[in-house]
Amino acid sequence: MSTLLATPAFAQKTEIEIWHTLSGPNRSEFESLISRFNGSQSNVVVDLTHYDDQAELEEDAAQAIAGKRDKPDLVQLRDNRSPEAVAQHKDILPLYQLLAKYPVPDASWFLEKTTDFVRDSKGRLLAFPYMAEVPVMFYNIDLYRGAGLDANAPPPTWPDFQAHLLKLRNDGGVSCPYVTSDQVKVHIENLAPINDEYYLTPDNGLKSSKNLAFNFNTLYMRHLSLMVSWRKTDLLMQHSAAGQATSAFTQGRCAVLTAASGALGEVRQSGVRFGVAPIPYYAQETKKPGAPFIGGSALWAVKGHSAERQKATAQLLAYLATPVVAAQWHQRTGYMPLTDAAFRAADVSFYNRIPGARKVVEQMTNGDSKKSAGFDVRNYPKILVLLNQAFDQALSDQTPPMSALMNAKSEAAKLMR
């Protein structure tokens, strides 16, 4: 009897909930990791609620804020390039406050750049950057070799890239040389830091929002004009704001894809033999390419829960940040490694198996950190719509490239006030 009284037959578990918008292989990987966490201990149960898109999630979040439904413990939010504004919301619990109460072991973050997009002006971590990503180039190894190109030597510059596309089309018989997803991320946002320029002046808005303006200079004229010429000559066959163009590559129809690195999960699952490389640069602009901006989405903690649920949330984040788990997430999804330990724990064969994979991570040490540290802009999600429209108008030959960008810049200025 005394033994039974001392050891209850069961212990009550703390339940926490995550709302997320992951899709495809990355969703499956996340669900698998959460299932493993649930089975690895006996005091916490994590429930997942999936949303098809961010708008649907935000609609339910508004209902939760209004008290019409229960709040989640963690919610996946896209980078809106103004993280301090998000952190000031009455229902958000900044991550540094949660970690002060319940520290996460091995929270030696891999690079400040990996987490810049969710830090405040004092360098404090506001959210868990689990879906941090950068733009990259994926290329089909078999189509490269079929055109007589070296599959271990992707093009470092945009003129080199054009030469490869012409060879793929003319010598390799490839009818779809190039497609791009995440068109603003690849061709507008990161054009600046990779080529040692500020995206916005002054200082990308990180120190001051006064007189903030997009730095659409001759670099942008050169690049958008090049993209228009590729579209007219059937080198660039498809472009999309999100990931719609990715399937053209994963089906093996197209030779090269530029997209956010989080597309790796979909590319891996396709069975296409591929390499990965940094986005090209212009040698006329810089001798050495800079690092791209880190972006993506993150898991934000939500206020209004008991101490037990907060502790359980921190316990889950600690599990996700452990080197082996974080390394697996990085390798299977293409999201950037969270910690230095996660990078070191990544299987050497992973980097050897995918040409260029290690270089993509190592590129984050390149260039001027002031220009690649990130940018802070009010109402950026609305501005992003304008930039996507400008890119579409330019490539469809509706509007001259720089006119399209300057029109977007003028409209964006109103939203930044």
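Two strands count as paired here if DSSP finds at least two bridges between them. Keep that idea at hand, for it will help you read this predicted model. A good place to try it out is strand S13, where Gly 296 is the bridge partner of Ala 132.

Let us stay with strand S13, which covers residues 295–302. Ala 132 belongs to the pairing between S13 and strand S5 (residues 128–133), where 4 bridges join two strands that run antiparallel. Strand S3 (residues 74–78) is also joined to S13, this time by 5 bridges, and again the two run antiparallel. If you look for Val 75, you will find Trp 300 of S13 standing opposite. Then there is strand S4, made of residues 92–93, which pairs with S13 in the antiparallel sense over 2 bridges. Here Ile 92 stands opposite Val 302. How many of the residues of strand S13 are buried? The count is 8 of the 8, so the strand is largely enclosed by the rest of the structure. As you trace a strand like this, one general point may help: in a regular strand the side chains alternate between the two faces of the sheet.

Now step back and take in the whole chain. The chain holds 21 helices and 13 strands. Its radius of gyration is 22 Å, close to the 22 Å that the globule rule gives for 417 residues, so the chain is as compact as a globular protein of that length. Along the principal axes, the C-alpha trace spans about 85 × 50 × 35 Å. Of the 417 residues, 53% count as buried. The chain exposes about 18100 Å², and carbon and sulfur atoms supply 49% of that area. Contacts tell you how the chain folds back on itself: among those with a separation of 6 or more, 78% are between residues 24 or more positions apart.

Next, go to the beginning of the strand numbering. Strand S1 (residues 14–20) and strand S2 (residues 44–50) run parallel, with 7 bridges joining them. One pair to look for is His 20, which stands opposite His 50 in S2. Helix H2, residues 24–40, completes the picture: S1, H2 and S2 make a right-handed β-α-β unit.

Within strand S2 you can pick out Asp 47. Which residues does Asp 47 touch, leaving aside its neighbours within four places in sequence? The contacts are with Glu 15, Ile 16, Glu 17 and Ile 18. Asp 47 and Ile 18 are 29 residues apart along the chain, while 6.3 Å separates their C-alpha atoms. Asp 47 itself counts as partly exposed, because its relative accessibility is 34%.

Another link to find is a disulfide. The count for this model comes to 1 disulfide, and it joins Cys 176 to Cys 254, with an S to S distance of 1.9 Å. The pair links distant parts of the chain, 78 residues apart: Cys 176 sits in strand S7 (residues 176–180) and Cys 254 in strand S11 (residues 254–260). The torsion about the S-S bond of Cys 176 and Cys 254 is about 90 degrees, so the disulfide is right-handed. Are these two cysteines buried or exposed? Both Cys 176 and Cys 254 are buried.

The tour ends with some details of the backbone. Between Thr 201 and Pro 202 there is a cis peptide bond, with omega at about -5 degrees. Pro 202 is found in the loop between strand S8 (200–201) and strand S9 (213–214). Asn 204 lies in the loop between S8 and S9 as well. The phi of Asn 204 is near 55 degrees, a positive value in a residue other than glycine. With a relative accessibility of 0%, Asn 204 counts as buried.

A positive phi also turns up at Asp 234, near 60 degrees, and this residue too is other than glycine. Asp 234 lies in the loop between helix H11 (218–232) and strand S10 (236–239). Why does Asp 234 count as partly exposed? Its relative accessibility is 42%, and partly exposed covers what falls between under 20%, which is buried, and over 50%, which is exposed.

Notes. Residues numbered from 1 in each chain as written. Predicted model: local features only at pLDDT ≥ 70, side-chain atom pairs only at ≥ 80, totals over all residues. Heavy atoms only, no water. Right-handed = clockwise from strand over helix to strand, strands pointing away. Disulfide = S-S within 2.5 Å. Buried < 20%, exposed > 50% of the residue type's maximum accessible area, 1.4 Å probe, protein only. Rg over C-alpha atoms; globule rule 2.2 N^0.38 Å. Contact = heavy atoms within 4.5 Å. Areas by Shrake-Rupley, 256 points an atom, 1.4 Å probe, with all protein chains shown as cover.
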